[in-house]
Amino acid sequence: MKRSYKLVKRFGLALLSCALLSSATAVYAEETAPGVKGMSEEEFTPAKEVLTVKYVDVKKPYHMDVDSLKGSFQDATGITVPLQMQDKAFPNGGGSIQGAEVKAIHDGITIYFQITWNDPTRNAQAIAIQEYRDAVALMFPLGAVEITPAEHFSPRMGDREKPVNLWHWKSDWEADLLVKGELEDVEERYPNMHDDFNTNPYSPYYHRDLITSIAVLSGGRAADNLISRPGRGRTVEDLNAEGFGTLTTQEHQDVNGCSKFEDGAWTVIIYRSLITQDPHDVQFVPGGKTFFNMAVWNGAEQDRNGQKNISTQWHPAVLEKVAWQ
Ligand code: CA
Ligand code: CA
């Protein structure tokens with residue numbers, strides 16, 4: 001019985017969050033009318049520095065974690081991506097994270113991105129209303145595109161008819177994987193909270209229809225919303241967008257990742273098969289070229305949604321060919 005009531009607590013919060021997000025999206029749409037971006041030509045010019053996605057014969061560990069994988073990155077050359085506050089679309093803000101280092105490797109099957117950045121606070125829980133997570137997202141244009149000052153492609157969430165694929169690693173999703181049921185519950189945040197259902201023996205009887213109905217208790221879970229779903233089995237959300245306010249989760253989730261927070265710095269490794277069957281995914285070809293951009297959220301600074309630390313340019317990336325032995 002207690003377990004059923006947990007759904008009320010946990011997913012009640014999820015419902016509230018969805019409601020808040022919906023209202024935020026409505027405002028977002030108003031603020032992003034055509035021409036509001038006011039972006040400079042500089043932002044349509046990709047960065048000069050190219051990220052080499054090094055071919056490495058990765059010895060895939062049984063358990064994918066940063067300590068097991070980081071050795072594979074030792075000969076890869078990283079690039080430093082400067083970050084700044086998001087200043088074009090409401091809700092804007094951020095600016096506490098100045099930059100991140102990105103390295104990338106592939107083994108002919110899987111591509112791995114390692115992102116490291118300084119952050120004095122580990123924020124890996126977003127259960128309470130006032131809590132926000134640390135997170136990082138990579139963004140890629142869909143399809144083979146040329147991005148030049150003459151061929152505009154917004155580095156900020158893409159453009160209409162120029163969609164992007166986003167990989168959003170979330171620290172609290174990783175924390176979820178470590179607890180029973182793979183979803184941290186409200187008791188984790190409020191261990192001494194009062195619970196009417198435990199102290200009133202009549203309540204479970206009179207409310208049995210309510211407390212056993214997932215559809216009534218949790219719209220998010222009934223709708224199979226990834227945020228509400230226990231046992232996601234992954235730490236990264238696979239999404240698409242084509243401009244501000246269009247971010248949409250995908251039917252086919254194909255990306256995963258792992259992280260380590262140590263000495264005031266996050267190291268996050270995000271990985272995916274080079275090729276997937278999903279037409280909404282970016283595809284990678286050894287010897288080929290792509291672009292990426294990124295954003296970092298610092299939960300301690302209340303970063304969430306558009307309040308984040310961003311790079312204002314696309315960054316070219318070239319995959320080394322597979323070196324057959
Ligand atoms: Ca933080
Ligand atoms: Ca996908």
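**Entry 1: a yardstick before I start**

I call a residue buried when its relative accessible area is under 20%, exposed when it is over 50%, and partly exposed in between. I am also noting that this is a predicted model.

I tried the yardstick on lysine 260, whose relative accessibility is 26%. That value falls between the two cut-offs, so lysine 260 counts as partly exposed.

**Entry 2: the whole chain**

I looked up the overall make-up next. The chain has 325 residues, and buried ones make up 49% of them. I found nine helices and 14 strands. Of the contacts with a separation of 6 or more, 72% are between residues 24 or more positions apart. The accessible surface is about 16300 Å², with 51% of that belonging to carbon and sulfur atoms.

**Entry 3: the nonpolar core**

Which residues have the most contacts inside the largest nonpolar core? I found Phe113, Ile115, Trp117, Trp167, Ile270 and Met294, in a core of 32 residues. Strand 5, residues 110-118, gives the largest share of this core, with four residues.

I then picked isoleucine 115 and listed its contacts, leaving aside neighbours within four places in sequence. Among them are Ala100, Val102, Val136, Leu138 and Trp266. Ile270 and Met294 are on the list too, and both are also named among the core residues with the most contacts.

**Entry 4: calcium ion, ligand 1**

I moved on to the metals. Which residues coordinate the calcium ion (ligand 1)? They are Asp119, Thr121, Asn123, Asp134 and Asn298, with donor distances of 2.3 to 2.7 Å. Thr121 is listed with both O and OG1, while Asn123 and Asn298 each give OD1. Asp119 and Asp134 each appear twice, with OD atoms.

The spacing of these donor residues in sequence reads D-x1-T-x1-N-x10-D-x163-N. I checked two of the residues for burial. Aspartate 119 has 0% relative accessibility and counts as buried. Asparagine 123, at 16%, counts as buried as well.

**Entry 5: calcium ion, ligand 2**

For the calcium ion (ligand 2), the protein donors come from Asp238, Gln250, His252, Asp254, Asp278 and Asp281, at 2.1 to 2.7 Å. His252 gives its O atom, Gln250 gives OE1, and Asp281 is listed twice with OD. The spacing of the donor residues is D-x11-Q-x1-H-x1-D-x23-D-x2-D.

Why does the pair of aspartate 254 and aspartate 278 tie together separate parts of the sequence? Aspartate 254 sits in the loop between strand 9 (248-249) and strand 10 (256-262), and aspartate 278 in the loop between strand 11 (265-273) and strand 12 (289-297), so the pair links parts that are 24 residues apart in sequence.

Is aspartate 278 buried or exposed? With a relative accessible area of 5%, aspartate 278 is buried, whereas aspartate 254, at 29%, is partly exposed.

**Entry 6: threonine 276, beside those donors in my notes**

I looked up threonine 276, which is in the loop between strand 11 and strand 12. At 13% relative accessibility, threonine 276 counts as buried. Not counting residues up to four places away in sequence, threonine 276 touches Asp254, Asp281 and Gln283. Its side chain has a polar contact of 2.9 Å with that of aspartate 281. The C-alpha atoms of threonine 276 and aspartate 254 are 7.7 Å apart, though 22 residues separate the two along the chain.

**Entry 7: salt bridges**

How many salt bridges does a search of the whole structure find? My note says twelve, and I looked at some of them.

Arginine 156 pairs with glutamate 43, the closest N and O atoms being 2.8 Å apart. Arginine 156 lies in the loop between strand 6 (135-141) and strand 7 (164-170), and glutamate 43 in the loop between helix 1 (2-31) and strand 1 (51-55), so this pair ties together parts 113 residues apart in sequence. Both residues are buried.

Aspartate 57 pairs with lysine 59, at 3.1 Å between the closest N and O atoms. Here aspartate 57 is partly exposed at 49% relative accessibility, and lysine 59 is exposed at 65%.

Back to lysine 260: its salt bridge with aspartate 67 has the closest N and O atoms 2.9 Å apart. Aspartate 67 lies in helix 2 (residues 66-69) and lysine 260 in strand 10, so the pair ties together parts 193 residues apart in sequence. Aspartate 67 is partly exposed, at 42%. Through shared partners, Asp67, Lys70, Lys260 and Glu262 are joined into one salt-bridge network.

Key:
Residues numbered from 1 in each chain as written. Chains lettered and ligands numbered in written order. Predicted model: local features only at pLDDT ≥ 70, side-chain atom pairs only at ≥ 80, totals over all residues. Heavy atoms only, no water. Donors = N, O, S within 2.8 Å, 3.2 Å for Na, K, Ca; no water. Helix = DSSP H or I, 4+ residues; strand = E, 2+ residues; numbered from the N terminus. Buried < 20%, exposed > 50% of the residue type's maximum accessible area, 1.4 Å probe, protein only. Contact = heavy atoms within 4.5 Å. Polar contact = N/O pair within 3.5 Å; in protein donor to acceptor, adjacent residues only side chain to side chain. Core = buried A, V, L, I, M, F, W, Y, C linked by side-chain atoms within 4.5 Å. Areas by Shrake-Rupley, 256 points an atom, 1.4 Å probe, with all protein chains shown as cover. Salt bridge = Lys/Arg side-chain N within 4 Å of Asp/Glu carboxyl O.
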